[in-house]
Amino acid sequence: MVSKIYFAGGCFWCTEAIFTRVEGVEKVLPGYIGGHLKNPSYKEVCSGRTGHAEAVLVEFNDKIISLEKLLLIFFQIHDPTQLNRQGNDIGTQYRSAIFYTNQKHKEFIEIIINKLSKSIFNKKNIVTIVELAKDFYIAEKEHLNYFNLNSNKPYCQLVISPKIQKLKEII
């Protein structure tokens with residue numbers, strides 16, 4: 001069965017590049033979620049005034065990969081203890097958030113966060129927001145499949161490539 005979840009963990013170029021490499025993930029789309037403006041542009045979201053987070057829609061086959069495994073990957077490829085930032089990307093648009101699509105997922109996400117806060121992140125609070133997914137707006141064409149089309153650009157080499165390497169170590 002195909003399930004959906006939305007992950008916001010900083011720049012959506014990074015998050016998209018990670019989840020497109022995970023077996024069992026059938027579709028990954030970068031976009032904007034969690035804000036108040038209808039159909040925002042990248043420029044508007046980057047202003048920090050729309051309330052949106054850069055995020056990715058992840059559609060996955062839960063017979064191949066579990067929600068738990070996806071959550072563990074998500075929490076290891078970004079820093080869920082940083083409020084409204086990931087590295088040099090600063091602002092609410094880069095917040096750590098998970099947008100769920102059903103109550104069962106919400107409850108499970110909260111259990112995993114509780115477990116992780118007592119183990120891996122025992123000295124820091126996880127600030128990841130968990131909220132119901134509402135309107136998701138797919139990013140503009142130039143942001144789709146960004147890493148694969150621009151892997152030689154400095155941002156891709158310095159920020160995204162190390163995250164992909166980390167993914168290879170954890171799966």
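**From a strand pair outward**

Leu29 has Leu57 of strand 3 as its bridge partner. Start there in this predicted model. The pair belongs to a wider match: strand 2 (residues 25–33) and strand 3 (residues 53–61) run antiparallel and share eight bridges. Strands in a sheet pair through backbone hydrogen bonds, in either a parallel or an antiparallel sense.

Now step to strand 1. Strand 1 and strand 3 are antiparallel and joined by six bridges. Ser3 faces Phe60 of strand 3. Strand 1 also pairs with strand 6, again antiparallel, through four bridges. There Phe7 stands opposite Ile98 of strand 6. How much of strand 1 is buried? Six of its eight residues are, so strand 1 is largely enclosed by the rest of the structure.

Put these pairs together and the sheet appears. It is open, has six strands, and follows the order 7-6-1-3-2-8. The pairing across the sheet is mixed. Which strands stand at the edges? They are strand 7 (129–132) and strand 8 (136–138). Each has a single partner strand, so one side of each lacks a neighbour in the sheet. On average, neighbouring strands are turned by 35° against each other, with direction ignored.

Next come the helices on this sheet. Helix 3 lies across strand 1 (2–9), strand 2, strand 3 and strand 6 (96–100). Its direction is at about 15° to strand 1. Helix 4 packs on the sheet too, touching strand 1, strand 3, strand 6 and strand 7. The direction of helix 4 makes about 150° with that of strand 6.

The two helices also meet each other. Two packed helices are described by the angle and the distance between their axes. For helix 3 (residues 67–77) and helix 4 (residues 103–118), the axes come within 11 Å and cross at roughly 50°. That angle makes helix 3 oblique to helix 4. The crossing is right-handed.

Which residues make the contact? From helix 3 come Leu67, Glu68, Leu71, Leu72 and Phe75. From helix 4 come His105, Phe108, Ile109, Ile112, Ile113 and Leu116. By class, the contact has nine nonpolar residues, one polar and one charged.

Turn to the loops. Asn39 is in the loop between strand 2 and helix 2 (42–46). Its phi is positive, about 50°, although Asn39 is not a glycine. Asn39 has 58% relative accessibility and therefore counts as exposed. Asn84 sits in the loop between helix 3 and strand 4 (85–86). Asn84 has a positive phi as well, about 55°, and is not a glycine. Is Asn84 buried or partly exposed? Its relative accessible area is 22%, so Asn84 counts as partly exposed; the buried class ends under 20%.

Finish at helix 6 (residues 154–170), which holds Gln157. Gln157 is partly exposed, because its relative accessibility is 41%. What does Gln157 touch, leaving out residues up to four places away in sequence? The contacts are Ser151, Asn152 and Pro162. Val22 is 135 residues from Gln157 along the chain, and their C-alpha atoms are separated by 20 Å.

Terms used:
Residues are numbered from 1 along each chain as its sequence is written. This is a predicted model: local features need pLDDT of at least 70, side-chain atom pairs count only at pLDDT 80 or more; totals for chains, interfaces and linings use all residues. Side-chain values use heavy atoms; hydrogens and water are left out. Axes are lines fitted to C-alpha atoms, for helices over the stretch in contact, and angles run from 0 to 180 degrees between N-to-C directions. Helices (H or I, at least four residues) and strands (E, at least two) are DSSP runs, numbered from the N terminus. Angles under 35 degrees count as roughly parallel, over 145 as roughly antiparallel, 65 to 115 as roughly perpendicular and the rest as oblique. A crossing is left-handed if the near helix is turned anticlockwise from the far one by less than a right angle, and right-handed if clockwise. Contact means heavy atoms within 4.5 Å. Ala, Val, Leu, Ile, Met, Phe, Trp, Tyr, Cys and Pro count as nonpolar, Asp, Glu, Lys and Arg as charged, and the others, Gly among them, as polar. Two strands pair if DSSP finds at least two bridges between them. Buried means under 20% relative accessible area, exposed over 50%, partly exposed in between (1.4 Å probe, protein chains only).
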